[in-house]
Amino acid sequence: MGMDQTFKNKAFKMVGTRPERPDGFDKVTGRARYGADFNMPGQLVGRILRSPHAHARIKSIDTSKAEALQGVKAVLTAADLPDLSDGDSGLFNTLENCMARTVARYDGHAVAAVAAVDTRTAKEALKLIKVDYEVLPHVTEIEDAIKDTAPVVRENAKAEAGLPHNIGSTIEFGHGDPETGFKNADVVIERTFKTEQSHQGYIEPHACVGNVNADGTAELWVCTQGAFGYRQDCASLLGLDVSKLRVTSSEIGGGFGGKTHVWAEPIALALSRKAGRPVKLVLSREEVFRGTGPTSATKIDVKIGVTKDGRITAGYADCYYTSGPYPSVWAELGATTAFSCYDLEHVKTIGYEVVVNRPKTAAYRAPSAPMAAFAIESVLDELAEKIGMDPLELRIKNAAKEGTQSSYGPVYGPIGFGETLAAAKNHPHLKAPLGKNQGRGIACGYWFNIGGQTCTDLNIGVDGTVTLTIGTVDVGGSRASMSLVAAEELGIPYEQVRTVVADTSSLGHNDMTEGSRGTFSSSLTTIFAARNAIEILRERAALMLGIPVDDIVWEGGEARAKGDSHGNLPALSLKEIAKAAPKTGGPIAGHSEITADGAGASFGTHICDVEVDPETGSTRVVRYTVIQDAGKAVHPDYVEGQFQGGAVQGIGWALNEEYIYGEDGRLQNPGFLDYRIPVCSDLPMIDTHIVEVPNPNHPYGVRGVGETPIVPPLAAVANAVSHAIGVRMTHIPMSPPRIVAALEAAKAG
Amino acid sequence: MHYVRPNSIEEAVDLAAKDNAFILAGGSDLLVRMKGDFVDPDLIIDIKAIKGLGDIRETDGGFSIGAAVPCAALGEHAALKSAWPGVVEAANLIGSKQVQGRCTIAGNLCNASPAADSVPALVAADAQAVIIGPSGKRTVAVQSIPTGPGKTSLAAGEIVESIELANRPARSSDAYLRFIPRSEMDIAVVSAAVNLTLDSSGVIETARVALGAVAATVLLVTEAADAIVGTKLDADALDKLAAACSAASKPIADKRGTVEYRKKVAGVLARRAAEIAYKRAGGQ
Amino acid sequence: MSGIAVTTTINGDTVEFLCQAEETLLDVLRNRLGMTGAKEGCGTGDCGACSVVVDGRLVCSCLVLGAEAEGRKIETIEGIADGDTLHPLQEKFIEHAALQCGVCTPGFLVAAKDLLERNPDPTEEEIRFGLAGNLCRCTGYDKIVRAVQDAAKEMRGA
Amino acid sequence: MVEVKLWGALSASLGSDTGRVDIEAKTIGELLKKLVEEYPGVEPYMTRGISVSIDGVIYRDNWTKELPEGAEIYLLPRMAGG
């Protein structure tokens with residue numbers, strides 16, 4: 001037992017059931033407190049001034065008039081923030097993105113901020129700040145940015161030899177020799193795919209209340225995917241002591257990766273430090289679109305060869321990903337995931353990180369994978385057509401399995417990709433007839449999933465109820481899942497456990513809820529913490545019964561004496577042991593602090609039916625099925641919820657969601673009216689099928705599930721649309737004008 | 001900024017003549033413009049307390065829809081819905097259910113957006129607007145009110161009091177269609193309204209065809225109407241209707257659609273709207 | 001600047017407050033009355049997270065001025081449950097896992113309650129179009145629609 | 001001695017033609033330490049973050065993890081997620 005992470009094929013009593021979530025009552029009554037629902041005494045209203053230019057040198061900022069306005073308590077510019085120019089470039093970039101230092105690098109880049117007694121005063125003060133800009137040439141599109149003549153987005157960045165100056169970095173993966181592979185192919189298809197920039201689109205805008213005291217102690221209430229990560233970032237950026245900054249994560253109104261990065265939070269704290277009062281900073285929806293993390297826009301050149309009998313001989317992809325002004329890992333993640341579903345002898349991918357005058361790219365649910373999957377899965381679909389093979393069969397034939405060397409290097413352990421394909425093959429959806437103007441597409445996807453630093457406390461109250469304190473923010477029901485796991489281990493009813501999310505002063509460090517790690521990692525520490533507590537429960541029971549601890553076993557939620565010599569001793573329930581705890585040694589608690597590793601990869605296969613109106617290009621998804629490996633679904637409702645939500649985000653991206661920039665480099669659609677996330681009437685029910693191929697590195701077999709569902713939809717929808725209209729769509733989103741234009745172009749030959 | 005809620009239209013007219021004064025009916029445009037800092041009114045005149053402005057009246061000549069009637073109420077008015085299904089369906093496509101609980105057709109008209117949903121239907125219906133201002137009352141065709149994006153022909157102090165829809169002969173109906181990328185909650189990329197009357201044999205006697213979002217103001221396309229008058233809406237008439245609509249469209253390219261796309265879809269929607277209106281009017 | 005004095009009824013209680021002319025009903029509910037159940041997702045009527053009912057009409061409270069509340073009857077998410085007894089819609093949302101992050105949930109419940117009061121036996125399509133003014137980014141709407149269907153059934157006593 | 005496989009760009013900057021290097025190490029921590037000592041070119045990649053895959057299981061932050069005899073060891077860029 002103890003810290004053994006290996007899969008034990010145990011029978012479950014709790015895990016796999018669907019109890020009601022512990023935070024349900026608060027959330028259906030409006031009592032749950034989100035980022036903007038909290039206030040501190042004497043708080044000021046913070047507001048941010050943002051650049052109206054896509055690229056401009058900040059020659060000077062005159063804040064004197066704003067400072068003189070009655071009710072203004074602080075005006076902040078980069079001059080008030082630490083100068084990290086000589087330090088870590090990652091930190092420097094993070095802070096510069098929070099507030100431009102010498103150059104505003106995108107439309108919406110923060111350049112100054114105010115704290116005032118009320119909203120009206122704060123808005124007025126922003127108008128009084130005079131920024132003298134020298135407008136610089138800008139570039140927002142990949143094709144333009146990678147020209148030698150393109151405006152320089154990062155003036156001091158060193159380009160790699162022989163590459164255009166706006167390519168921040170390159171990376172290469174693969175094995176074998178694709179050229180050899182292509183020679184062995186009967187059919188080779190080479191195509192270029194484009195995807196536009198999308199936003200996570202969480203309904204709750206970023207919001208926080210920050211307070212910094214003169215003695216250096218500070219607190220931050222904030223909607224975030226990770227209080228500890230925000231604490232680390234804010235403390236590093238502002239020169240605060242980590243332990244003096246207490247960060248409390250509010251209920252979070254959606255994040256999907258966008259709330260793993262700090263944006264306005266360091267500004268709120270810096271304003272508070274300057275004003276000497278708490279500052280509440282809530283972004284508007286427009287600010288969320290202009291100033292926080294969209295995903296990359298991409299251009300991907302793909303070449304794949306197959307033999308007549310459907311064996312892929314080689315795959316190659318050049319993956320260009322925008323990262324905003326700050327190079328990061330986005331092209332890298334595209335290049336790693338592009339071919340990861342398949343067993344290939346010859347494969348090579350190259351990632352090119354392209355800097356542009358757009359907001360800093362942030363993580364968005366399986367970051368970078370959906371675009372790469374769109375390109376690869378589209379070409380596979382076309383190849384299947386060319387050789388006259390069923391597209392699912394082509395994938396079955398080439399699917400990665402245990403022992404396959406992945407396209408990014410390592411050999412896979414037990415994975416459930418084949419099982420998702422088999423489930424798809426047997427799914428009634430695949431056999432359902434299609435109507436006029438309808439088409440069906442299938443596509444597959446993969447995400448690594450990660451673990452990371454995780455810490456959990458399990459405290460047993462004197463009445464025998466259990467408080468489980470986790471440090472991974474609950475983004476979609478994980479408190480229910482963790483209660484199930486604790487109840488499973490302890491052998492007690494679900495209702496006897498209450499799971500809460502800790503603030504940063506109440507628990508050791510936990511990495512963000514990202515990379516689909518929440519349930520995987522915190523369930524591990526919950527299991528270990530429960531086992532730790534059981535050891536203590538056994539000791540206490542031994543004391544109470546006056547027998548050696550080795551003679552006590554924990555079964556069915558109670559301590560039982562084993563062996564013939566103790567035949568008449570009563571079993572002691574958790575409640576009885578808890579009640580005696582004050583006299584038998586004090587509080588009973590279990591703990592676990594680990595770096596979780598071995599998060600099993602999760603594969604998915606999606607089936608999509610669409611109907612396209614050929615006259616208007618309007619596309620309706622009429623049926624959609626998600627099949628994915630969850631390892632073990634702890635709370636199946638919330639696993640299905642991840643499948644459905646991820647699929648629908650992908651559907652929205654596939655059909656309508658995109659950042660639209662004008663010639664002036666300004667974002668044209670920073671609102672929910674023209675940035676069109678799917679509405680209820682756009683969609684059918686989303687069928688789900690949970691496959692369970694246990695992760696060998698989790699006692700219950702759990703894999704992360706949150707991200708994979710957004711990987712296949714771009715391709716699944718594109719394949720369906722392409723079949724419905726008879727023209728291959730290579731540009732996401734497939735907005736109605738793009739579909740009509742593609743049809744007209746095909747007609748014109 | 002001040003907020004007033006006058007009880008009489010005369011009082012409202014006096015207030016409306018002031019500088020930087022804005023009329024608040026449903027507020028679904030005004031408050032959005034305030035939020036985006038596009039306007040910063042000195043005075044907001046809430047007209048919802050004015051007697052009669054919140055009513056739909058059936059008159060001898062037809063229907064009179066008060067300027068403060070929320071669009072949702074149009075859909076709940078059985079007689080209006082039956083008499084002018086196209087106008088009502090247009091009004092009930094604006095925004096969401098929540099927005100329809102607030103927005104008004106008079107506000108939709110006065111906001112003067114080229115993409116306003118109710119305006120093409122009102123123009124096709126030959127609706128009249130009753131205007132009260134410092135120099136008295138006048139009645140004008142609705143299409144004369146918007147003069148360009150965000151601009152109207154209303155003089156300072158003038159307020160639209162009601163929208164009038166006249167009774168139509170038997171065998172008349174109308175229909176409105178718009179194209180949006182989503183199924184709801186969107187702004188028209190292109191829209192078309194058709195209002196027609198048939199003779200007893202099903203031949204179209206009169207027709208009005210209006211297009212939205214393809215020019216600075218709603219277009220009343222007489223060539224399109226001419227293409228179907230005297231026909232039973234056969235395939236040839238429909239093609240001519242569509243072609244006339246595409247030809248009449250002078251759209252801009254913007255974030256919502258290209259010029260080519262809008263011209264093409266204007267024809268598609270007009271054809272489909274005509275078919276619906278024809279069927280509603282009893283045509284076979 | 002002096003505030004506007006407003007007397008209104010919220011969830012059956014008489015409430016008085018002072019507000020500025022530009023403050024929305026949503027601002028007033030959240031910032032002056034401490035009723036933070038209605039959320040601001042956009043402030044422009046595009047997401048429905050701030051849905052309330054004013055004199056029987058479902059509206060976005062971000063598109064209503066606080067001053068307009070004078071003499072009106074306002075219903076918010078805070079008034080849907082009867083004390084600690086949840087409304088069937090609230091129960092079904094929990095039971096069907098119709099929420100993940102939950103920030104859109106208050107708006108959905110207010111809108112769904114209005115929908116079922118107007119149409120006790122809606123089709124799936126009617127539910128989907130009836131709730132199209134409420135954005136949810138987590139669930140894909142599937143479980144929300146199912147929860148509303150089930151609540152409607154229970155409320156009809158079927 | 002363990003054989004460590006490298007991704008493309010890393011392999012190039014370490015001057016390896018074969019995409020693999022041999023390192024005398026028993027744990028991930030030791031491996032990373034020796035790697036920097038023997039191949040200074042790895043430094044910038046270390047700063048960005050490196051994960052180590054052992055028999056297909058990816059470890060991001062675990063210096064104490066032992067490298068079993070004959071295991072397949074891959075260096076990868078540090079994975080992130082949403």
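**Exercise 1.** In which sense do strand β6 and strand β10 of chain B pair, and over how many bridges?

*Solution.* The model is predicted: local features need pLDDT of at least 70 and side-chain atom pairs count only at pLDDT 80 or more, while totals for chains, interfaces and linings use all residues. Residues are numbered from 1 along each chain as its sequence is written, and chains are lettered from A and ligands numbered from 1 in the order in which they are written.

Step 1. Helices (H or I, at least four residues) and strands (E, at least two) are DSSP runs, numbered from the N terminus; two strands pair if DSSP finds at least two bridges between them.

Step 2. Between β6 (residues 128-133) and β10 (residues 159-166) of chain B there are five bridges, and the sense is antiparallel. Within this pairing, B:I131 has B:V160 in β10(B) as its bridge partner.

**Exercise 2.** Place these two strands in their sheet and identify its edges.

*Solution.* Step 1. The open sheet has five strands in the order β4-β5-β10-β6-β7 (chain B), with antiparallel pairing.

Step 2. At the edges stand β4 (56-58) and β7 (136-141) of chain B; each has a single partner strand, so one side of each lacks a neighbour in the sheet.

Step 3. On average, neighbouring strands of this sheet are turned by 20 degrees against each other, direction ignored. Axes are lines fitted to C-alpha atoms, for helices over the stretch in contact, and angles run from 0 to 180 degrees between N-to-C directions.

Step 4. Helix α1 (residues 9-16) of chain B packs on the sheet and touches β6 and β10 of chain B. The direction of this helix makes about 125 degrees with that of β10(B). Contact requires C-beta atoms, placed from the backbone, within 7 Å.

**Exercise 3.** Describe the side of chain C that touches chain A.

*Solution.* Step 1. In this interface, 42 residues of chain C are in contact with 41 residues of chain A.

Step 2. The elements giving two or more residues to this side are α2 (88-95), α3 (105-118), α4 (124-130) and α5 (142-156) of chain C. Of these, α2(C) gives the most, with four residues.

Step 3. By class, this side of chain C has 22 nonpolar, eleven polar and nine charged residues. Ala, Val, Leu, Ile, Met, Phe, Trp, Tyr, Cys and Pro count as nonpolar, Asp, Glu, Lys and Arg as charged, and the others, Gly among them, as polar.

**Exercise 4.** State the secondary structure and extent of chain A.

*Solution.* Step 1. Chain A has 20 helices and 27 strands.

Step 2. Along the principal axes, the C-alpha atoms of chain A fill a box of roughly 90 × 75 × 50 Å.

Notes. Two residues are in contact if their C-beta atoms, placed from the backbone, lie within 7 Å.
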